[in-house]
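Me: Got a minute to walk through a model with me? I'll jump around a bit.

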Amino acid sequence: MSTLSNSNVSFDGMRDLFDNLTSNGSTSAWSLNNQKHIDRCPLINGGQGSGKVPQTIGQSEATSTTTMQAEDFKSIFKVDSVRASATSGTNKNQVQYNITGWGTLHGMYAGSNKNITNNNSGVGVAYDGTNSFTGTGNNQNFIPFDDLNSNFDANKDIAAVGLYTAGFTTIEVVLVFRGSGASTTDTDWSNMYLRTINELDVTAGNEASNKQLGGTFSRTASTHAVTEVTGILYGPYIRHRWLLPNVSFTASSVTYIAFD
């Protein structure tokens, strides 16, 4: 099995990551009309938007004549999302917190701004084509960031990624790094790209006919903010957030994630 890193774009890695939503690897070969790499890749022809990876329902999808390039398949992993929730306050002052995606216990806690403990367990499962990273339980199944791209900072791991909501006022995509190589001033990456696949569409056989929307999250966007979340085991934790995202993680979805 293979990971689609910056130095390894292979047919084996594409099959391992794209063919089966909730595992690494599957068949030893693809049929000629298999288009899962087109329907699921977060980037097509170097970006997102109409004619590539649609970001809104009104945008068109890629077609059989759309060009793809090796760069599209670099530094990708996928997340089989699970939701965790918590509440604070009572009656009309009660606030509900949700985080949907993947994260270790401590990464999820940092991603929720220290509002969700989920009965001492993380959530979801992440796959990089070679390894699976189970969030459940109290573990340290962090994803080494430089495994996805050798140019990314060492001693830096992905600890959580997902959609966080708090009451009716906070809706944001969050990305949490940890380790001595992580800081609020990092510049080793520029963008995070998402593409969410509805598992119900796959079960019903409608994936190819329905749009699988994407989203681009820039480290320098005006909707982006970054903070250090302190006082959590295995830290430091660096929490990136983007307000009011156009695409989200859901509890019945698998989200493909790429970085550049």
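Reply: Sure, what follows is a quick tour of this predicted model.

Me: Start with the aromatics. How many aromatic pairs does the structure hold?

Reply: There are 11 aromatic pairs. One of them joins Trp 189 and Phe 259. The rings sit 5.8 Å apart, centre to centre, with 90° between the planes, which makes the pair edge-to-face.

Me: Where in the chain are Trp 189 and Phe 259?

Reply: Trp 189 is in the loop between strand S8 (170-178) and strand S9 (191-198). Phe 259 belongs to strand S13 (residues 253-259). They are 70 residues apart, and the pair links distant parts of the chain.

Me: Is Trp 189 buried or exposed? And Phe 259, buried or exposed?

Reply: Trp 189 is buried, at 0% relative accessible area. Phe 259 is buried too, at 4%.

Me: Which residues form an aromatic cluster with those two?

Reply: Phe 145, Phe 152, Phe 177, Phe 217 and Trp 242 join Trp 189 and Phe 259 in one aromatic cluster.

Me: What sits over the ring of Phe 177?

Reply: The charged end of Lys 156, at 4.4 Å from the ring centre. There's another such contact at Phe 142: Arg 178 lies over its face, 4.5 Å from the ring centre.

Me: Let's switch to S8. Is S8 enclosed or open?

Reply: Largely enclosed by the rest of the structure, because seven of its nine residues are buried.

Me: Which strands does S8 bridge to?

Reply: Strand S7 (residues 157-166) is joined to S8 by nine bridges, and the two run antiparallel. Strand S12 (residues 237-243) also runs antiparallel to S8, with seven bridges.

Me: Which residues stand opposite each other there?

Reply: Towards S7, Val 173 in S8 faces Leu 163. Towards S12, Arg 178 is opposite Tyr 237. That is the Arg 178 that lies over Phe 142.

Me: What about the turn between S7 and S8?

Reply: That hairpin has three residues between its strands. Gly 167 takes a positive phi near 60° there.

Me: And Ala 166, buried or exposed?

Reply: Ala 166 is in strand S7. With 10% relative accessibility, Ala 166 counts as buried. Its C-alpha is 40 Å from that of Thr 67, 99 residues away along the chain.

Me: New topic, backbone oddities. Which peptide bond is cis?

Reply: The one from Gly 235 to Pro 236, with omega near 5°. Pro 236 lies in the loop between strand S11 (224-229) and S12.

Me: Which residues other than glycine have a positive phi?

Reply: Asn 91 is one, with phi near 50°. Asn 91 falls in the loop between strand S2 (82-88) and strand S3 (95-103), and is exposed at 72% relative accessibility. Lys 114 is another, with phi near 65°. Lys 114 is found between helix H3 (105-111) and strand S4 (125-127), in a loop. Its relative accessible area is 35%, so Lys 114 is partly exposed.

Me: Last thing, pockets. What is the volume of the largest pocket?

Reply: About 200 Å³. Its lining has two nonpolar, eight polar and two charged residues. Among them are Thr 196, Asp 201, Lys 211 and Leu 213.

Me: And what lines the second largest pocket?

Reply: That pocket has a volume of about 150 Å³. Its lining includes Asn 6, Glu 71, Lys 74, Tyr 193 and Asp 260. Phe 259 also lines this pocket. By class there are three nonpolar, four polar and three charged residues.

How values were computed: Residues are numbered from 1 along each chain as its sequence is written. This is a predicted model: local features need pLDDT of at least 70, side-chain atom pairs count only at pLDDT 80 or more; totals for chains, interfaces and linings use all residues. Side-chain values use heavy atoms; hydrogens and water are left out. Rings of Phe, Tyr and Trp (its six-membered ring) pair if their centres lie within 6.5 Å; planes under 30 degrees apart count as stacked, over 60 as edge-to-face and the rest as tilted. Helices (H or I, at least four residues) and strands (E, at least two) are DSSP runs, numbered from the N terminus. Buried means under 20% relative accessible area, exposed over 50%, partly exposed in between (1.4 Å probe, protein chains only). A charge sits over a ring if NZ of Lys or CZ of Arg is within 6 Å of the ring centre and within 35 degrees of the ring normal. Two strands pair if DSSP finds at least two bridges between them. On a 1 Å grid over the protein atoms alone, a cavity is a set of points where a 1.4 Å probe fits but cannot get out, and a pocket is an open set with protein on both sides within 12 Å along at least five of seven lines; lining residues have an atom within 4 Å of a point. Grid points are joined across faces, edges and corners, and a volume is the space filled by probe spheres set on the points. Ala, Val, Leu, Ile, Met, Phe, Trp, Tyr, Cys and Pro count as nonpolar, Asp, Glu, Lys and Arg as charged, and the others, Gly among them, as polar.
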